[in-house]
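Please load the model in the viewer and have its selection panel ready. The tour below proceeds one selection at a time.

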Amino acid sequence: MKRLQIGIESTKLANGLNVVVAPDATAPVVTVGVYYKIGFRLEPQGRSGFAHLFEHMMFQGSANAPKTQHIKLVNSSGGVLNGSTSYDVTNYYEAVPSNALERVLWLEADRMRALKVDDENLKNQRDVVKEEVRVNVMNQPYGGFPWLDMPPVAFRNWANAHNFYGDFADLDAADLAGVQAFFKTYYLPNNAVLLMLGDVKAEEGIALAKKHFGEIPSGAPPPFADPSEPEQAEERRGNVEEKFGTLPAIAIGYVMPQRRTADWCAMALLDQALHGGRAGRMHRELVLEKQIAVEASGGIDDLFGYNGPTQMTTRILHKPEYSSEVTLDAFDAVIREVRENGISADELEQLKVKWRSDYYATLEGGHGGHMPKYGLMHLLACFTLFDNQPQLVNTILDGFLAVTREEIQAVAKKYLRNEKRAIVFRTPVKASAKEAA
Amino acid sequence: MATRAVEIAVGVPALAAERAVTWPKRTKARLSNGLEVILAEAHSIPKFHGELFFGSGNAAAMHRAPGLAEMTATVVRTGTTNRASRQIEEDLRRIGADLSSGAGADTSAISFAGLSEFAEPLLGLVNELAREAAFPEGEFERERRQKLEEVKLERTQPGFLASERLRKVLFGAHPYGQVSPSEAQVAAYKREDLQAVYREFYTPENGLLLLVGDFDAQEMLKTAEKVFGGWAGKKPETNVVAAPANPRGRRVYLVHVSGAVQTQILAGCHAITRKHPDWVKLGLTNSLYGGAFNSRLVMNIREDKGYTYSPRSGVNALRQHGYFSVSAAVRNDVVAASLTEIFYEMDKLRSVPVPDPELADAQNYLSGVFSMGLATQDGLLSQLSTVALNELPDDYLETYRQKVRALTPEDLLVTARKYLDSANMQIVVVGDRPQIESQAALFGEVEVYDAQGKQVD
């Protein structure tokens, strides 16, 4: 068995900025990422959607690179850029020909040092974000299902339970003072990690990091907003209307174990037993065998990338001729089977080979073909910000490959319990897609 | 058009000297049975990616039924003479592999990726699917019913409704004119139809096997020969189809979706195929217009006006005909304003030469992004397949950047005038009729359709 070893150098600058370099000269391309330890969960109460709106503002101008210049300077260097907001981190990243490395670092440092935006920029991006929400959620069949539908049903702590994309009234209430305050609180070198992956030498990368980021002042550690949930002791259910689609849908989410525990590793493999594509038990039973569902998929979203309460969530779209009770019974039969009988040694062996293969694909992962090493960047960033151990990227696999059948069955019994789950029913308002002309 | 002065950045570090881009060596062979094989080594991870293409897709099966090549590909993976569906899926998992099968307009393909240590068993399974698919009755029935739900569901997606209408308008009765089957057409699929398509399309003479990854090319070629060598079969006859009429004059096609909170705009016109000598020129023109984040259209209707989140334009190259298109999902009250800007930017490129610095930026963008394909196995595979499927010259990858950099503002002006055919763009808007019809009507005579594709009044 061939194991992949990633060469990594990491350091922490005097201002607290973590720097991680993973050199690989295969292609003359370098991927640069800056991750800040701030996500949906920590956005100010009553300001739903703010973290994501703020991410947009980071492209609107900084002290020496006014509006449009971040985009223009990366594209015109032959590269691509983007950013994204998730539960516990927000990232900004570029993939460029390696001769543009210093330019990209300069840009990232400039916006870490000083965001320079005005009311017009804020209004513009508020409009853009609303169209983003419309195109991804409000004007799409099953938009936001279940990632926006589940949290308010499953969780009690506002940090985990609110609308992450943002209510439009909250987006409208965002003001420039709030933007700058958010920036000053969270966008600090001591709350971030800078990553360089690909065609860069370790010493060169670290020297450039010192040159461009070294003088950025650190700040008071951001306030800790406790995202912990009260212990769940009853099944929770909620209903959401489906405006466009005609198939009833159900999502079932079970609370996950703490990350980086033995239970967590076992749950991850159990998740693959249940949701691993066409061989996964959910798809096999609900779609292929019983043919109740058109889709039975899902699982743990971004296993390595969360640092607070989360769930393993199954997403089912079922045929209208089956009731949601019948569908849920079929789902429950799959859960019951694995709780009562666990999985076979052969199945576990298959899961481990597939897990290793998938892990390598994640590390190479191109994020739609234009962002080489996106997956490696993401893992290194999370292992740095959450665990202070970027080297975990080379050892984390061991924990998954050591999982036993007994552990799988034990986590099935411990976590796949009705009082630990939440269910969302997304119910079509139309019985049929056919509309009066 | 920016409504405020654009400021420039101060103190930007210059670009360092460019590192040479070296594309890996391609090993090419034609097996004695006619199967073309192309391999390239890429050792980033201990895996490999592959694709077995057949040079016939939904267009070539259209005379039998729309979408039939896709349905055939779907059922191919559900059983062979040796393995039942469940066995196939477990065997894939056992060797850490992913596999999918599908068909586009022009090709059918089995795509796969797996650990290098299990290359031979994975190729063995691909070979089995290509030669010994059994089309089990029960699997066919299930996939057909599954497909029925899918074709119902896609009629609730604005993006699908827009592209379905545009393709119909641009290509009419040509096979490219129908992107998806109707419910009735799916209901009428027969197992024998799929088997006929399979026998005809899935042959070594019609095939192209691409493999990229962590292996020794010579060894892998021997393995491919061993696995696929015993297969035989002729290239299918190609049906000659009359060229579609190129629609003249701007017209508007409104697909009514009651209660839509946003309008999907999609406009397009005939353009060129990948093989056409103007391809690189049009690629660069498109990149300036709406093909990049930094493009004029994105800067205008997103970054300046905030009408939309993800405007974009593209050149869609089908094998026999290509088309140019531009899309944006916009706020309902700015449909007319968005279309105005969409055409303004097109006409500006048709009338005013692109300033040199902007041209240089776009040239850098296109040549830089082109090289990203080198960095991942699937990125490289996709570049190699573009070259092979379009029968582009062997040095296409090596010379592309040079070609992009040689273009002048004059070239782009000529190209925009030829292909950004603003006077003959066909405009599709998908949204709530009462809110958008009068806005859309400013741009041409309006035909109204429902979500089922039926023309109304």
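The stops that follow concern domains and a pair of helices in a predicted model.

**Stop 1: the two domains of chain A**

Begin by selecting residues 9-213 of chain A, which form domain 1, and give a second colour to residues 236-428, which form domain 2. Over C-alpha atoms, the centres of domain 1 and domain 2 of chain A are separated by 27 Å.

Next, turn to the place where these domains meet: 32 residues of domain 1 of chain A are in contact with 35 residues of domain 2 of chain A. To see what domain 1 of chain A contributes to this contact, select the strands β2 (18-23), β3 (29-36), β5 (90-97) and β6 (192-198) of chain A together with the helix α5 (150-154) of chain A; each gives two or more residues to the side that touches domain 2 of chain A. Coloured by class, that side of domain 1 of chain A shows 20 nonpolar, eight polar and four charged residues.

**Stop 2: the two domains of chain B**

Move to chain B and select residues 26-228 for domain 1, then residues 251-456 for domain 2. Here the centres of the two domains of chain B, taken over C-alpha atoms, lie 29 Å apart. The contact between them joins 29 residues of domain 1 of chain B to 30 residues of domain 2 of chain B.

On the domain 1 side of this contact in chain B, select β2 (36-41), β3 (47-54), α6 (158-171) and β6 (207-213), each of which supplies at least two residues. Which element gives the most to this side of domain 1 of chain B? It is α6(B), with ten residues. By class, the side of domain 1 of chain B that touches domain 2 of chain B comprises 16 nonpolar, six polar and seven charged residues.

**Stop 3: a helix pair in chain B**

Finally, select helix α2 (residues 68-76) and helix α5 (residues 137-154) of chain B. These helices pack with their axes 10 Å apart, at an angle of about 130 degrees. Since angles over 145 degrees count as roughly antiparallel and those from 65 to 115 as roughly perpendicular, α2(B) and α5(B) are therefore oblique to each other. Their crossing is right-handed.

Display the side chains of M71(B), T74(B) and V75(B) in α2(B), which meet E139(B), F140(B), E143(B) and K147(B) in α5(B). The residues of this contact between α2(B) and α5(B) comprise three nonpolar, one polar and three charged.

Methods: Residues numbered from 1 in each chain as written. Chains lettered and ligands numbered in written order. Predicted model: local features only at pLDDT ≥ 70, side-chain atom pairs only at ≥ 80, totals over all residues. Domains from an automatic or database assignment. Contact = placed C-beta atoms within 7 Å. Helix = DSSP H or I, 4+ residues; strand = E, 2+ residues; numbered from the N terminus. Nonpolar A, V, L, I, M, F, W, Y, C, P; charged D, E, K, R; others polar. Axes fitted to C-alpha atoms, helices over the stretch in contact; angles between N-to-C directions. Parallel < 35°, antiparallel > 145°, perpendicular 65-115°, else oblique. Left-handed = near helix turned anticlockwise from the far one by under 90°.
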